[in-house]
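Work through the exercises below with the model open beside you. Each task is followed by a solution that proceeds step by step.

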Amino acid sequence: MTLLEIDLKKLEHNYSSLRKRLNHHSKMIGVIKANAYGSLSGPIAEKLVDLGVEALAVAYAQEAVELREYGIKIPLMVFYPQVESFREIIHHKIEPVLYSKRTWEKFKQALRVEKKSTYPIHIKYNTGLNRVGFHLNEADWIMEQLKDSSFNLKSIYSHLAQTEAPKPNEKTENQISLFKQIMDKHSQASSQKPDFHLLNTSGVFNYPEYHLDWVRIGLGLYGFANHPEWNKTLQPIAQLKTKITQIHQITLGETVGYNCGWKAPKNTRIAVLPIGHADGFSRQYGHGKGWVLINGQKAHIVGNVCMDMLMVDIGDIPCNEGSEVVILGSGIRADELAENAGTISYELLTALGNRIPRVLKS
Ligand SMILES: *Cc1c(COP(=O)(O)O)cnc(C)c1O
């Protein structure tokens, strides 16, 4: 059967390796959105807290509520809270990021309804990614609001669009220079003294001069850093394994799978594996774009990936029904497989569905 094995020792290795890289005064926000990048957010959060991470972050409120219910007590940041979840955020002592006038007003209202004051919040500025965030020209409005406010402003941040791109990079430099203006404005005017942060995993490697007060690390904790040299300092924590369900002898000219997606160019053997696009192993890995390792040898996926299964060409690789198959792990990197199929490790990892049992190794 298909299993995703999560190695907490490797998580520990990645944490220490990243921690050593940080400027001494910089603190770490461990990003564990999307089930800790497709792994298992509860135990990962627990382990990171043990290791000494200062705060954790997720994308949406529900993810943070689940972590509180799991017993996670350290500061929990929500990057993209939706206004409908504001009261629940308050009930669970979760820290929202406010990114627009609408979220600002609505959160203020929610605090009034819940009769709370000096509630911890974070502010996100848009410096060019053009996803969410206040604009520089709203800084004066924000500072005016902060004079008389129920908010305890903990941090101000922005997010860069391409931290892994080689330096010098004009887009990133423009974003950084805008953020510096934002930092100056807030440092001068505000009576509250917020912390500042800018960098994700690749940024930590590429822009050590901007570690600032905090860094927000996701992918790196799970073993990837978007660059061959940086990757060497980390170890992928997840191994995806399965076993061959059935083997067929196929003769030249026979087809395999839906829509006759593959036609055998010679006599061969096909192994059927119990994982499909319903498990997040999407159709983009079909037609030879993806492969697995059997007995240390590459077997390419043939034809279309089905909902629950996929087929690989095993030629004369020594194996039987029931033999072990490595889908991700030693010898197969999520970033390489993803790139070959036109996507990125983030998508491959976070797509892995909850039909695949997670097993912890520590
Ligand atoms: C997901 C996310 C991160 C983490 O990025 P990685 O590249 O995985 O380290 C950091 N900041 C924000 C705002 C994010 O949404």
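**Exercise 1: the ligand and its surroundings**

Task: locate the polar partners of the ligand, beginning with the side chain of Arg 216.

Solution. A nitrogen atom of the ligand lies 2.8 Å from an N or O atom in the side chain of Arg 216, where a polar contact is a pair of N or O atoms within 3.5 Å (within protein, one must be able to donate a hydrogen and the other to accept it, and residues adjacent in sequence count only if both atoms are side-chain atoms). This is a predicted model, in which local features need pLDDT of at least 70 and side-chain atom pairs count only at pLDDT 80 or more, while totals for chains, interfaces and linings use all residues. Residues are numbered from 1 along each chain as its sequence is written, and side-chain values use heavy atoms, with hydrogens and water left out. Next, turn to the oxygen atoms of the ligand: one is 2.5 Å from an N or O atom in the side chain of Tyr 80, and an oxygen atom is also found 2.9 Å from a polar backbone atom of Gly 218. Finally, widen the view to the 14 residues around the ligand, of which Lys 33, Tyr 37, Tyr 80, Thr 201 and Tyr 346 come nearest; a residue is counted here if one of its heavy atoms lies within 4 Å of the molecule.

**Exercise 2: the two domains**

Task: describe how domain 1 and domain 2 meet, and state which residues of domain 1 supply 38% of the area that it buries.

Solution. Start from the division of the chain into domain 1 (7–231) and domain 2 (238–361), bounds that come from an automatic or database domain assignment. Their C-alpha centres lie 36 Å apart, and the contact (heavy atoms within 4.5 Å) takes 16 residues from domain 1 and 10 residues from domain 2. The area buried between them is about 1,200 Å², with 60% given by carbon and sulfur atoms; buried area is the accessible area (1.4 Å probe) that two parts lose on being put together, summed over both. Asp 7, Tyr 37 and Phe 224 supply the 38% in question, more than any other three residues.

Then examine the polar terms. The rule finds 1 salt bridge across this interface, a salt bridge being a side-chain nitrogen of Lys or Arg within 4 Å of a carboxyl oxygen of Asp or Glu. Asp 7 forms a salt bridge with Lys 361, with the closest N and O atoms 3.9 Å apart. Between the domains there are 5 residue pairs in polar contact, both residues being at pLDDT 80 or more.

**Exercise 3: a salt bridge between strands**

Task: explain why the pair Lys 241 and Glu 5 ties together parts that are apart in sequence.

Solution. First, the side chains of Lys 241 and Glu 5 meet in a salt bridge, at 3.4 Å from N to O. Second, Lys 241 lies in strand S10 (residues 238–243) and Glu 5 in strand S1 (residues 3–7), so the pair links parts that are 236 residues apart in sequence; strands (E, at least two residues) and helices (H or I, at least four) are DSSP runs, numbered from the N terminus.

**Exercise 4: backbone geometry**

Task: which peptide bond is cis, and where is Pro 168 found?

Solution. The cis peptide bond joins Lys 167 and Pro 168, with omega about -5°. Pro 168 is found in the loop between strand S7 (151–158) and helix H8 (170–189).
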